[in-house]
Amino acid sequence: MNAVGDLGRATRAELRRLVRWPAMWVLCGVWLLLNLTFAYVFPYLTYRDGTTVGPRAGTGTLESMLPDHAPVAVVQGMPMFGGALVLILGALAIGGPYGWGTWKTVFTTGPRRGVALTGTLLALGAVLVGLTIATLALDLTAASVVAGVENQAIVLPGAGDVLRGTGAALLIAAMWTVGGALLGALARGPALAVGLGLVWTLVVENLLRGVANLLTALATITDCLPGTVAGSLAAAAGALPPSDPNGSPGVNTIHDGATALLGVIVFLVAFGAATVGLVSRRDLAA
Amino acid sequence: MTTKHDEIVVTDGLTKRYGVRLAVDGVSLAVRRGEVFGFLGPNGAGKTTTLRMLLGLVRPTDGTASVLGEPPGSPAALRRVGSLVEGPGFYPYLSGRENLRVLASYTGLGEAAVAQALERVELTARAGDRYRTYSLGMKQRLGVAAALLGRPELLILDEPTNGLDPAGMADMRQLLRALASDGQTVLLSSHLLGEVEQICDRVGVIAGGRLRASGTVAELRGGASLVLRVSPLPAALPIAERLFGGAAVSTVDDCLSLAVEPSRASQVVQAMVEARVAVHEVRPVHRSLEEIFFALSGEGQEGVA
């Protein structure tokens with residue numbers, strides 16, 4: 001049996017257990033709900049409520065809810081809230097089997113640990129592809145409804161925009177998912193990994209960014225954090241920073257698109273390699 | 001005659017140290033093809049750590065091991081080994097059958113292998129239920145079913161009867177004997193002396209991380225002895241000492257104890273009768289595995305049943 005064949009079988013096996021995992025569907029469902037709520041429901045209510053007054057009034061808000069803007073809606077929430085949710089997914093997918101004792105069962109079945117772990121990460125990647133496509137479909141549907149209600153022309157986004165928005169969203173989601181997987185491997189369980197991951201994505205990075213405004217030396221470090229490069233990549237794909245009335249939390253313009261893309265890929269690969277290396281080398285004593 | 005070729009699990013000075021604690025201390029053993037080898041020891045003796053090293057889950061601090069001629073934990077070895085170590089580990093949200101399907105997917109095994117394994121442990125009727133709803137015994141049986149997937153040459157089972165009721169334990173022992181009859185080699189650990197005595201061809205006794213002895217149960221027991229209830233006892237003692245030597249003769253509970261083969265009973269009875277010593281009872285006595293275990297390990301009786 002060759003390594004490629006083993007990897008294919010491991011990916012199929014892991015996908016088999018992931019798609020039947022209720023926690024995975026809950027997390028994906030929560031993301032879709034949040035995305036719909038913050039990209040369409042709240043902005044539309046705000047738009048209807050105050051078209052003539054207030055900072056969020058005006059046609060800009062409506063434009064952000066039309067179909068040609070849907071790829072941006074896919075990526076705009078991913079640096080922070082979407083990232084936090086998929087980080088939980090990664091932490092549970094790797095940390096959970098430590099608690100259930102299933103890594104022990106899998107690692108004595110036949111494939112090398114590295115192959116089995118890579119299979120898990122690839123299966124998670126497949127889940128994220130599905131989630132990204134589902135998000136785009138949901139956003140296009142919601143945007144079409146808004147356009148219909150507001151008597152606006154339904155103009156679908158160009159292929160380039162779709163590729164840019166969904167590609168950036170997928171990469172950011174993958175980075176956070178594999179980051180969660182690394183935490184799950186480090187903690188050898190889901191609870192601590194999820195807790196630490198959420199504190200990092202939702203609290204620590206934002207606090208550091210706040211302090212970095214006062215300490216310029218710290219700014220260099222915060223510019224290199226996963227959340228920063230993810231936010232810059234989202235901005236490069238069209239998302240607006242929180243300073244804009246239509247902006248989203250976690251989005252920033254610190255890096256240009258190419259630098260942000262490189263940063264996200266570096267973190268993705270580093271997190272993945274660290275996860276596989278750690279689990280492969282460490283004793284499975286419990 | 002056993003050749004090196006027949007030894008499919010071989011360890012030499014296998015050692016595992018966790019910090020200052022020595023969990024396994026220089027264990028050297030050999031398991032032969034087709035036998036049921038029992039790894040006997042109290043809780044914490046180092047049985048599970050040794051089995052984990054044989055499966056590649058834990059790396060030895062020192063020493064070497066080979067499983068089916070391959071390094072422990074290598075894919076080449078693991079594909080020919082089925083195992084259940086320290087209790088079953090399955091996805092709680094999947095059914096028993098779906099759990100086995102996931103494992104079978106890793107090695108490209110089909111539905112037939114899954115059905116066969118479930119049938120073998122008599123879990124087919126409940127295979128569609130979620131694992132989290134299973135009783136302890138059913139979980140254990142699913143663990144054995146997972147170990148049986150693909151008919152491995154070697155089964156490494158850590159306390160396979162844990163959690164089973166008496167009937168389940170009897171079934172499991174019968175299954176293990178049947179597997180050995182089919183040519184599968186079984187290496188099992190247990191702290192149940194009776195279990196090891198019933199189903200194992202050979203036994204290794206481990207305590208405090210060290211292998212104290214290994215061999216067949218008969219070899220470990222050594223020779224049996226004879227006990228005679230006679231009167232008067234003082235008159236019988238010199239007769240027995242003349243026949244077998246003073247070292248072989250002792251008194252236990254007002255009985256004469258002779259460290260000789262039971263086949264010599266007629267000889268000693270005839271000598272006693274000729275000397276007008278009344279013989280009320282003659283019985284052979286075998287040392288139990290329990291006695292041997294405690295003699296070898298120096299352990300208290302807790303943890304071993």
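This is a short talk on chain B of a two-chain model and on its contact with chain A.

Hello everyone, and thanks for coming. Please keep in mind that what we are looking at is a predicted model. It scores ipTM 0.89 and pTM 0.85.

Let me start with chain B as a whole. Its average pLDDT is 87, and 94% of the residues score at least 70. There is one stretch to flag, and that is residues 301-305 of chain B, where pLDDT stays under 50. For that stretch the model has 11 contacts beyond four places in sequence. As a general reminder, where pLDDT is low, the predicted coordinates should not be read in detail.

Now the overall build. Chain B has 305 residues, and 44% of them are buried. Along the principal axes, the C-alpha atoms of chain B fill a box of roughly 75 × 45 × 35 Å. The secondary structure of chain B comes to 11 helices and 13 strands. If we take the contacts in chain B with a separation of 6 or more, 70% of them are between residues 24 or more positions apart.

On to the sheets. Let's begin with the one that has six strands. In what order do the strands of this open sheet run? Reading across chain B, the order is β5-β6-β7-β3-β8-β9, and the pairing is mixed. At the edges sit β5 (81-84) and β9 (210-216) of chain B, each of which pairs on one side only. From one strand to the next, the twist averages 15°.

Inside this sheet, have a look at β6 (residues 154-158) and β7 (residues 185-190) of chain B: they run parallel and are joined by five bridges. If you want a residue pair to find on screen, L157(B) stands opposite L188(B) in β7(B).

Two helices to point out here pack on the sheet. Helix α1 of chain B, residues 47-54, touches β3 (36-40), β6, β7 and β8 (202-207) of chain B, and its direction makes about 150° with that of β6(B). Helix α6 of chain B, residues 166-181, touches β3, β6 and β7 of chain B, and its direction makes about 150° with that of β7(B).

Further along the chain we come to another open sheet, with four strands in the order β11-β12-β10-β13 (chain B). Here the pairing is antiparallel. The edge strands are β11 (249-252) and β13 (278-285) of chain B, and each pairs on one side only. The twist averages 25° from one strand to the next.

Strand β10 of chain B, residues 225-231, pairs with β13(B) in the antiparallel sense, over seven bridges. Within chain B, V227(B) stands opposite R283(B) in β13(B). Lying across β10, β12 (255-258) and β13 of chain B is helix α10 (residues 265-274) of chain B, which runs at about 165° to β13(B).

Finally, the contact between the chains. How many residues does each chain bring to it? Chain A gives 24 residues and chain B gives 26 residues. On the side of chain A that touches chain B, the elements giving two or more residues are α1 (3-19) and α6 (102-107) of chain A. The largest share of that side, six residues, comes from α1(A). By residue type, the side of chain A that touches chain B divides into 10 nonpolar, six polar and eight charged.

That's the tour, and I'm happy to go back to any part of it.

Terms used: Residues numbered from 1 in each chain as written. Chains lettered and ligands numbered in written order. Predicted model: local features only at pLDDT ≥ 70, side-chain atom pairs only at ≥ 80, totals over all residues. Contact = placed C-beta atoms within 7 Å. Nonpolar A, V, L, I, M, F, W, Y, C, P; charged D, E, K, R; others polar. pLDDT = per-residue confidence, 0-100. Pairing = 2+ DSSP bridges. Axes fitted to C-alpha atoms, helices over the stretch in contact; angles between N-to-C directions. Buried ≥ 20, exposed ≤ 12 C-beta atoms within 10 Å, placed from the backbone.
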